[in-house]
Number of protein chains: 2
Amino acid sequence: MDSLKNHVLKLVQASDEALDLFASKLQRIAISKKRFLLQPGTQVQHEYFVLKGCLKTYYLDKKGNEHIIQFAIENWWLGDFDAFYNGGTGKFFIEALEDSELLAIDYNSLQEVFEKEPVFERYFRILITGAFIAQRRRILDGLSLKTKGRYLQFCEAYPNIETRVPNYQIANYLGVSAENLSRVRRKLKS
Amino acid sequence: MDSLKNHVLKLVQASDEALDLFASKLQRIAISKKRFLLQPGTQVQHEYFVLKGCLKTYYLDKKGNEHIIQFAIENWWLGDFDAFYNGGTGKFFIEALEDSELLAIDYNSLQEVFEKEPVFERYFRILITGAFIAQRRRILDGLSLKTKGRYLQFCEAYPNIETRVPNYQIANYLGVSAENLSRVRRKLKS
DNA sequence: TATATTAATTGATATAGGTCAATGGAATTC
DNA sequence: GAATTCCATTGACCTATATCAATTAATATA
């Protein structure tokens, strides 16, 4: 659990009591490779913090095509946020790409933490603001760059993910075909 | 200023004192059509709330191509968040598409509000979480839909913007050419 | 180690959408 | 109300990238 505590302390000044309250609400989860943490159509009760491992969040469209909207590795939060915060059933699959260990917090517990220890309002505000900015960058890259530029940007922004995830999944995340990414990578070598 | 107060009260329960403190930090700004609220390369001191009007946030790439990352109308917050929160100079232009009235808050004032009235940590946390979810949806649409689907989704999600912004700017926002959007729209009519 | 599975690459072809250029209509501006 | 600027549309052509199919390479499993 220390990695989450450190993560919190990097963003806010939380007292020991606040951290203890938060810790008391967390549930430890292990999930093995290829298993699903979430599937669409179900209620979304939790948000997750990655202690160890690697996962992907993706949407499956009507034609059965997968669209990866997020990878998560150590020290990332992930979840189906729309369903978690706004209710209703989830839209996304979350699947482990490696054997992983997570911490989970359920909605009511999180609200209780917010009420009792407002420093966690700040923690999540800062966290989500950073995520918002990163997403905005991703959108901008999608608008302004071709495959080559988007791939280079991805490798620079997420070197730790680039080395752990197969290329065809990175292509999917970038919104291009695996074949196209392969050809672009070849050109980059020469 | 009432529209901002109402906006706050829709998301959180803020006391009159909290609202008054917040209001005391806000500065009223008028900006006329085609004028710039922000330009790249400058320090970003403020975030803005739209009382009236319509604006766009865009990036100008090396080739001189514009890429619109956000439209904002009444009751939207906008700004160059990366530069505002993380320092450094801005990357984006923000330009008024109509004569507009805004409220502005500067960084230090906002931090003071956060310190004194944590309910605003919550307000901005909820706000940015919603924006994050909307952006995630935009990314997903970009990955999974062709021009037609993206356009329909945009019109459904932002009917108030669709009617106020010229089509070629909507095309730009969607990441397609104006010509292509025009052809897609024609097919939709028949 | 052999086998099966998964991932990356390559070639050939098809297509959505980009780009360029021209036109006509709409909306501002003088 | 005339003139000018702005915007939407259309046609012709071009390009990046998707798709399909096959092969090779790498990785996992028995």
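**A chat about DNA strand D and the protein around it**

Colleague: Which part of DNA strand D is within 4 Å of the protein, mostly sugar or phosphate, or bases?

Modeller: Of the strand D atoms within 4 Å of the protein, 66% belong to sugar or phosphate, and the rest belong to bases. Keep in mind that this is a predicted model.

Colleague: Which residues come nearest to that strand?

Modeller: There are 17 residues around DNA strand D. The ones that come nearest are A:Val176 and A:Ser177 from chain A, with B:Asn167, B:Tyr168 and B:Arg186 from chain B.

Colleague: What does B:Tyr168 do at the phosphates?

Modeller: One of its polar side-chain atoms lies 2.7 Å from a phosphate oxygen of DNA strand D. For B:Ser182, a polar side-chain atom is 3.3 Å from a phosphate oxygen of that strand.

Colleague: And what about the backbone of A:Gly175?

Modeller: There, a backbone N or O atom lies 3.4 Å from a phosphate oxygen of DNA strand D.

Colleague: Which helices supply the surface near the strand?

Modeller: Helix 9 (178-189) of chain A, helix 8 (167-174) of chain B and helix 9 (178-189) of chain B each give at least two residues. Helix 9 of chain B has the largest share, with 6 residues.

Colleague: How many of the residues on that surface are charged?

Modeller: 8 are charged, 6 are polar and 3 are nonpolar.

Colleague: Changing topic. Why is strand 8 of chain A called largely enclosed?

Modeller: Strand 8 covers residues 100-106, and 5 of its 7 residues are buried, so the rest of the structure largely encloses it.

Colleague: Which strands does strand 8 pair with?

Modeller: Strand 1 of chain A (residues 27-31) pairs with strand 8 in the antiparallel sense, over 5 bridges. Strand 3 of chain A (residues 46-52) also pairs with strand 8 in the antiparallel sense, over 6 bridges.

Colleague: Which residue of strand 8 is the bridge partner of A:Arg28, and which stands opposite A:Val50?

Modeller: A:Arg28 has A:Leu103 as its bridge partner. A:Val50 stands opposite A:Leu102.

Colleague: Last topic, cysteines. How many disulfides does the structure hold?

Modeller: The count is 0 over all chains. A disulfide is a covalent bond between the sulfur atoms of two cysteines.

Colleague: Where is the nearest cysteine sulfur to B:Cys54?

Modeller: It belongs to B:Cys155 and is 14 Å away, and B:Cys54 is in no disulfide. B:Cys155 is in no disulfide either.

Colleague: Is B:Cys54 buried or exposed?

Modeller: B:Cys54 counts as buried because its relative accessibility is 0%.

Technical notes:
Residues numbered from 1 in each chain as written. Chains lettered and ligands numbered in written order. Predicted model: local features only at pLDDT ≥ 70, side-chain atom pairs only at ≥ 80, totals over all residues. Heavy atoms only, no water. Near = heavy atom within 4 Å. Polar contact = N/O pair within 3.5 Å; in protein donor to acceptor, adjacent residues only side chain to side chain. Helix = DSSP H or I, 4+ residues; strand = E, 2+ residues; numbered from the N terminus. Nonpolar A, V, L, I, M, F, W, Y, C, P; charged D, E, K, R; others polar. Buried < 20%, exposed > 50% of the residue type's maximum accessible area, 1.4 Å probe, protein only. Pairing = 2+ DSSP bridges. Disulfide = S-S within 2.5 Å.
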